[in-house]
Amino acid sequence: MMSDRRLAHDDDDKYWESVRARYPAQQPLLNLNNAAVSPPPLEVEQRTVEALRFISANPDVNMWSKLDADLPAIKQQLAAVADCDPDEIALNRNTTEGLCTAIFGLPLSRGDEVVVCEWDYPSMRAAWRQREQREGIRVVPVDFDPMDSDEAIVAAYARALTPRTKAMQITHMLHWTGRLLPAQRLCALAREHGIASVVDGAQTFAQMPLSFRELGCDYFATSLHKWLGAPVGNGMLIVARERIGSTWPLLGPFDPSPGVDKFDHWNLGTYNSALQAGIAPAIAFHREMGAARIHARLRALTRHWVGMARRIPGFRLHTPIDGDGLGALSLFSIDGTDARRIERELRETHRIHTKYREVRQLRGLRVSPHVYTTLPDLQRFVDALEEVAAGARA
Ligand SMILES: Cc1ncc(COP(=O)(O)O)c(C=O)c1O
């Protein structure tokens with residue numbers, strides 16, 4: 001832990017300052033909720049605005065004949081980051097759309113079972129429940145504590161399997177607490193049993209090095225507006241080649257196709273090609289830093305602020321701090337205080353934006369810096385937290 005803290009201080013601060021200079025200023029609030037949506041770097045924003053103006057000049061031709069001509073190249077670049085084939089990638093609006101494509105598109109029959117946990121994203125749980133209510137599949141809950149070991153979590157999923165299990169919903173990193181789940185082992189478990197694995201990669205793609213091939217899942221969906229820095233409204237669905245043919249698209253495609261393009265947004269109605277024009281510059285920006293360096297920096301930022309916040313009486317972290325899985329997201333609470341009040345006072349009095357999260361027995365604030373977050377930003381946050389917590393206890 002010490003080495004990470006030192007890294008946060010010494011690791012070419014000038015480099016990270018230069019990264020920050022390429023982002024729009026976050027104001028009036030210090031934004032510590034990048035896990036929800038991140039600002040695009042300025043060059044991405046500029047390219048997107050230019051593309052929007054280009055579209056206005058001649059919408060039909062400029063969108064569909066010109067900007068969309070870049071689609072194959074964008075998929076090639078994304079495939080290089082995700083380690084999959086370009087023809088396994090569909091572009092869409094976000095993780096929700098990608099996962100719903102998999103959830104509603106997977107052929108299942110009455111009585112088939114799917115394993116879902118309470119820590120999965122609420123929209124995905126709701127989508128599976130909808131199939132339960134409409135079609136009579138069974139949603140089987142798997143129970144574990146996010147502070148459990150990887151072994152215990154894999155064992156919990158294994159216990160939930162029956163001969164009727166046909167699919168497993170796997171959240172790669174829980175958005176509640178930032179816990180990284182052993183997704184590769186869970187996908188291997190699914191594969192051993194001939195079960196489809198649907199991975200929610202909203203919080204891991206571009207936050208850390210990631211290989212679709214190594215993960216070994218059938219479906220992987222993510223939002224490109226979180227850690228990649230593409231404009232808001234860009235998502236990616238990766239479907240393993242052997243699953244493409246049997247998976248239904250969410251909407252009726254214009255050009256019925258046996259290939260992955262049946263899931264592409266261009267084939268499912270008019271969308272905004274200007275947003276897509278921001279993907280390539282976002283990838284270029286991301287590759288300049290590299291996923292490993294980004295992940296190391298985000299982990300160091302988390303350890304840095306948590307190390308300072310431990311001086312606050314009653315401070316309690318609900319995210320494993322020591323493992324390699326730690327990244328930008330963590331959840332904390334302060335004993336004897338109301339986290340909603342702390343969130344409000346941080347925002348209203350100190351202009352700092354964190355996110356209140358409430359799930360099962362947990363109530364706390366999620367904090368998620370990004371690569372443009374600086375050490376003085378985190379110092380400001382922890383100083384404000386100490387003051388607010390003291391007031392909340394008084
Ligand atoms: C784990 C997880 N899944 C899914 C989503 C939904 O992402 P989007 O709203 O971009 O579809 C989020 C958003 O925060 C998330 O954290």
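# Notebook: a chain in two domains

**Entry 1, the whole chain.** I began with a count of the elements: the protein chain has 16 helices and 13 strands. I then looked up the radius of gyration, which is 21 Å, close to the 21 Å that the globule rule gives for 394 residues, so the chain is as compact as a globular protein of that length. I should keep in mind that this is a predicted model. For the outer dimensions I used the C-alpha trace, which spans about 60 × 55 × 35 Å along its principal axes.

**Entry 2, the domains.** Next I asked where the chain divides. I found domain 1 in two pieces, 2-31 and 290-393, and domain 2 at 44-285. Taken over C-alpha atoms, the centres of domain 1 and domain 2 are separated by 28 Å.

**Entry 3, where the domains touch.** How many residues of each domain are in contact with the other? I noted 19 residues from domain 1 and 14 from domain 2. On the side of domain 1 that touches domain 2, at least two residues each come from α14 (291-309), β10 (330-334) and β12 (355-359). Helix α14 gives the most to this side, with five residues. I also sorted this side of domain 1 by class and got eleven nonpolar, six polar and two charged residues.

**Entry 4, the four-stranded sheet.** I followed β10 and β12 into their sheet, an open one of four strands in the order β9-β10-β13-β12, with antiparallel pairing. The edge strands here are β9 (315-317) and β12, and each of them pairs on one side only. From one strand to the next, the twist averages 40°. I zoomed in on β10 and strand β13 (residues 362-367): the two run antiparallel and are joined by three bridges. One pair I could pick out is leucine 331 with its bridge partner in β13, arginine 366.

**Entry 5, helices on that sheet.** Here I met α14 again, lying across β9, β10 and β13 and running at about 10° to β10. Helix α15 (residues 339-350) also packs on the sheet, where I saw it touching β10, β12 and β13. The direction of α15 makes about 25° with that of β13.

**Entry 6, the seven-stranded sheet.** I then turned to another open sheet, with seven strands in the order β2-β8-β7-β6-β5-β3-β4 and mixed pairing. Which strands stand at its edges? They are β2 (89-92) and β4 (138-142); each has a single partner strand, so one side of each is left without a neighbour in the sheet. Neighbouring strands of this sheet are turned by 20° against each other on average, direction ignored.

**Entry 7, the β2 edge.** I looked at how β2 is held in the sheet: it pairs with strand β8 (residues 235-239) in the antiparallel sense, over four bridges. Alanine 90, for one, has leucine 237 in β8 as its bridge partner. Helix α6 (residues 95-105) packs on this sheet and touches β2, β6 (196-200), β7 (219-223) and β8. The direction of α6 makes about 160° with that of β7.

**Entry 8, the ligand.** Last, I listed the residues that surround the ligand: Ala35, Ala36, Asn94, Thr95, Thr96, Tyr121, Thr171, His175, Asp200, Ala202, Gln203 and Ser223. What is the make-up of this shell by class? I got four nonpolar, seven polar and one charged residues.

Terms used
Residues numbered from 1 in each chain as written. Predicted model: local features only at pLDDT ≥ 70, side-chain atom pairs only at ≥ 80, totals over all residues. Pairing = 2+ DSSP bridges. Axes fitted to C-alpha atoms, helices over the stretch in contact; angles between N-to-C directions. Contact = placed C-beta atoms within 7 Å. Near = placed C-beta within 6 Å. Nonpolar A, V, L, I, M, F, W, Y, C, P; charged D, E, K, R; others polar. Domains from an automatic or database assignment. Rg over C-alpha atoms; globule rule 2.2 N^0.38 Å.
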